[in-house]
Amino acid sequence: MKEVMDSQEIKRSLARIAYEILEKNKGVDNLALIGIRTRGVYLAERLAKIIGKLEGITPPLGTIDITLYRDDFQEIIDQPQARGTDIMFDVTGVNIILVDDVLFTGRTVRAAIDVIIDFGRPKTIQLAILVDRGRRELPIHADYIGKEIQTKPNEFVELFVKEEDGEDKVVVMKKNEKR
Amino acid sequence: MSLKSKHLLGLEDKTKGEILEILDTAKSFRKILDRPVRKVPTLRGITVANLFFEASTRTRTSFELAEKRLSSEVVNFSASTSSLSKGESLRDTVENIEAMQVDIVVMRHSAPGAPHFLSKRIKAAVVNAGDGTHEHPTQGLLDLYTIREYFPKLEGLKVVIVGDIKHSRVARSDIWGLNKLGADVALCGPPTLIPLGIEKMGVKVYHDLDKAIKGANVLYLLRLQLERQKGGFIPSLREYTQLFGINSEKLKLLSDDYIVMHPGPMNRGVEITQEVADCDRAVILRQVTNGVAVRMAVLYLSASLIRPLEK
């Protein structure tokens, strides 16, 4: 297990991403954050908090579960439980910041975009990612990136968060050391 | 997680954990039904056959809606238009359906155990949509789902099922499900419509309506199945209504916190008065909406178990 980001780095990356989001979208108007379950949700919450502190207004927050939109339904043996999507605001005409921890093949993001579009027609969907590990299988890119790292196909990149794991860090693991 | 069997034949052979898993999965599908686009691409490429050997409108429609909202392909097959009327046996019909490479079969049949027979002979997952007077598991599940919306804790909840228990597959599935989740179940109806020995299922039996429903949280009314009364089980509809019909006066005997349920279709003026059917404690239409979500969950969980096994 190799640590690639510690809690300070994660904190600074999120702060920078928050500034970049505000710069690109010219403030908090018409902005909403949507985290992809499960780790993306924690990051979206933190980004919303930082933006709220900077601007005085906290943008609406949603969560997405992509289980029902996967393209490998017929291949995976142990189906994860579908935990539901919560988007309690109208997405039509809104600039949506989609938040996830790790960008890899791009298939999760593809599914998440489909989920959002089933709720309406956003003005834009932008992607914020803490770690881009490369090896894309779809033409998808992130608009805001915490850190880019090089990885092998058989490695896992995992985000640990205070809320669930007691500490914040990003690690690269080999297949057999998966937690 | 994940269920032990890809089939849903009845609630008798499901554990409490399995029932809760289906109900929890249904929650995410219920949310989808409130969205502008009430459809998810989950079961693309999966084919579901609806085999209805017995008339049904709402269950078949509910299943079909659930299948379409999951993006599966749907084929319908009903007794009146099928070759059953030309004398084909159940087994031959089923082998033909199998040859068409269907993944899930939803079946209603008048013979108890027909889906069990089917499940042993085909590769597809079988979902029982009602077999004779035996079980109607998806109705049982949608009833449990609806009760949990109002009473999150079923332990010790007082549920009374009133009416024709003898001919009711709904009652049987409800009793299995409610008992497994810890509810306190009582039955009430004329002695001719309550099967002997049903107490063995872990229920109390009453023939006096007022005693049965006193302090109940859930009043579950069954349809008096007019087509099954030729055997002379009740002297007259009028007498049944007088002794077992529910009107607003009767509701006063219930607990302060109660709901009224009915699997439909209702005989207004027989087992339930107009006022009760339309009162704000009646959750009958909510049951119908929840039915689609619960059936989506059942199909989704069954489908998630078929593919890996085939590979």
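# Cavities, core and contacts of a predicted two-chain model

Visitor: How many cavities of 30 Å³ or more does the count give?
Guide: A cavity is a set of points, on a 1 Å grid over the protein atoms alone, where a 1.4 Å probe fits but cannot get out. Grid points are joined across faces, edges and corners, and a volume is the space filled by probe spheres set on the points. With the threshold at 30 Å³ or more, the number of cavities is three.

Visitor: On what conventions do these values rest?
Guide: Residues are numbered from 1 along each chain as its sequence is written, while chains are lettered from A and ligands numbered from 1 in the order in which they are written. The model is predicted: local features need pLDDT of at least 70, totals for chains, interfaces and linings use all residues, and side-chain atom pairs count only at pLDDT 80 or more, with side-chain values based on heavy atoms and hydrogens and water left out.

Visitor: Which helix gives the most to the lining of the largest cavity?
Guide: The largest cavity holds about 50 Å³ of space. Its lining residues (those with an atom within 4 Å of a point) include Leu3(B), His7(B), Ile22(B), Val298(B), Leu301(B) and Ser302(B). Helices (H or I, at least four residues) and strands (E, at least two) are DSSP runs numbered from the N terminus. With three residues, the element that gives the most to this lining is H11(B).

Visitor: What number of residues does the helix with the largest share bring to the largest nonpolar core?
Guide: A nonpolar core is a set of buried Ala, Val, Leu, Ile, Met, Phe, Trp, Tyr and Cys residues joined through side-chain atoms within 4.5 Å; buried means under 20% relative accessible area, exposed over 50%, and partly exposed in between (1.4 Å probe, protein chains only). The largest core has 90 residues, and among those touching the most other members are Ile64(A), Leu98(A), Phe29(B) and Ile161(B). Its largest share comes from helix H11 (residues 284–310) of chain B, with 12 residues.

Visitor: How many residues make up the other core, apart from this one?
Guide: Among the members of this other core are Leu14(A), Ile21(A), Leu31(A) and Leu130(A). The core lies apart from the largest one, and its size is 30 residues.

Visitor: Which residues from 125 to 128 does Leu98(A) touch?
Guide: Contact means heavy atoms within 4.5 Å, and residues up to four places away in sequence are not counted. The contacts of Leu98(A) include Ile34(A), Ile36(A), Ile64(A), Val109(A) and Ile113(A). In the stretch asked about, they are Ile125(A), Gln126(A), Leu127(A) and Ala128(A).

Visitor: How many residues apart are Lys250(B) and Asp210(B)?
Guide: A salt bridge is a side-chain nitrogen of Lys or Arg within 4 Å of a carboxyl oxygen of Asp or Glu, and Lys250(B) and Asp210(B) form one at 2.8 Å, N to O. The pair links distant parts of the chain, helix H9 (residues 248–251) and helix H7 (residues 209–213) of chain B, at a separation of 40 residues.

Visitor: Is Asp132(A) buried or exposed?
Guide: Asp132(A) meets Arg136(A) in a salt bridge of 3.0 Å, N to O. Arg136(A) is partly exposed, with a relative accessible area of 27%. Because its own relative accessible area is 7%, Asp132(A) is classed as buried.

Visitor: How many salt bridges are there over all chains?
Guide: Some are linked in a network, namely those among Arg46(A), Lys162(A), Glu163(A) and Asp168(A). Another joins Glu249(B) and Lys252(B) at 2.8 Å, N to O. Over all chains, the salt bridges number 31.

Visitor: In which loop does the cis peptide bond from Arg37(A) to Thr38(A) place Thr38(A)?
Guide: The bond from Arg37(A) to Thr38(A) is cis, with omega near 0°. Thr38(A) lies in chain A, in the loop between strand E2 (31–36) and helix H2 (39–55).

Visitor: What is the omega of the peptide bond from Gly264(B) to Pro265(B)?
Guide: Pro265(B) is placed in the loop between strand E9 (259–261) and helix H10 (274–277) of chain B. The bond is cis, and its omega is near -10°.

Visitor: Is Ser71(B), with its positive phi, buried or exposed?
Guide: Phi of Ser71(B) is near 65°, although the residue is not a glycine. Ser71(B) sits in the loop between helix H2 (58–69) and strand E2 (73–78) of chain B. Because its relative accessibility is 16%, Ser71(B) counts as buried.

Technical notes. 1 Å grid on protein atoms, 1.4 Å probe; cavity = no way out; pocket = protein on both sides within 12 Å on 5 of 7 lines; lining within 4 Å.
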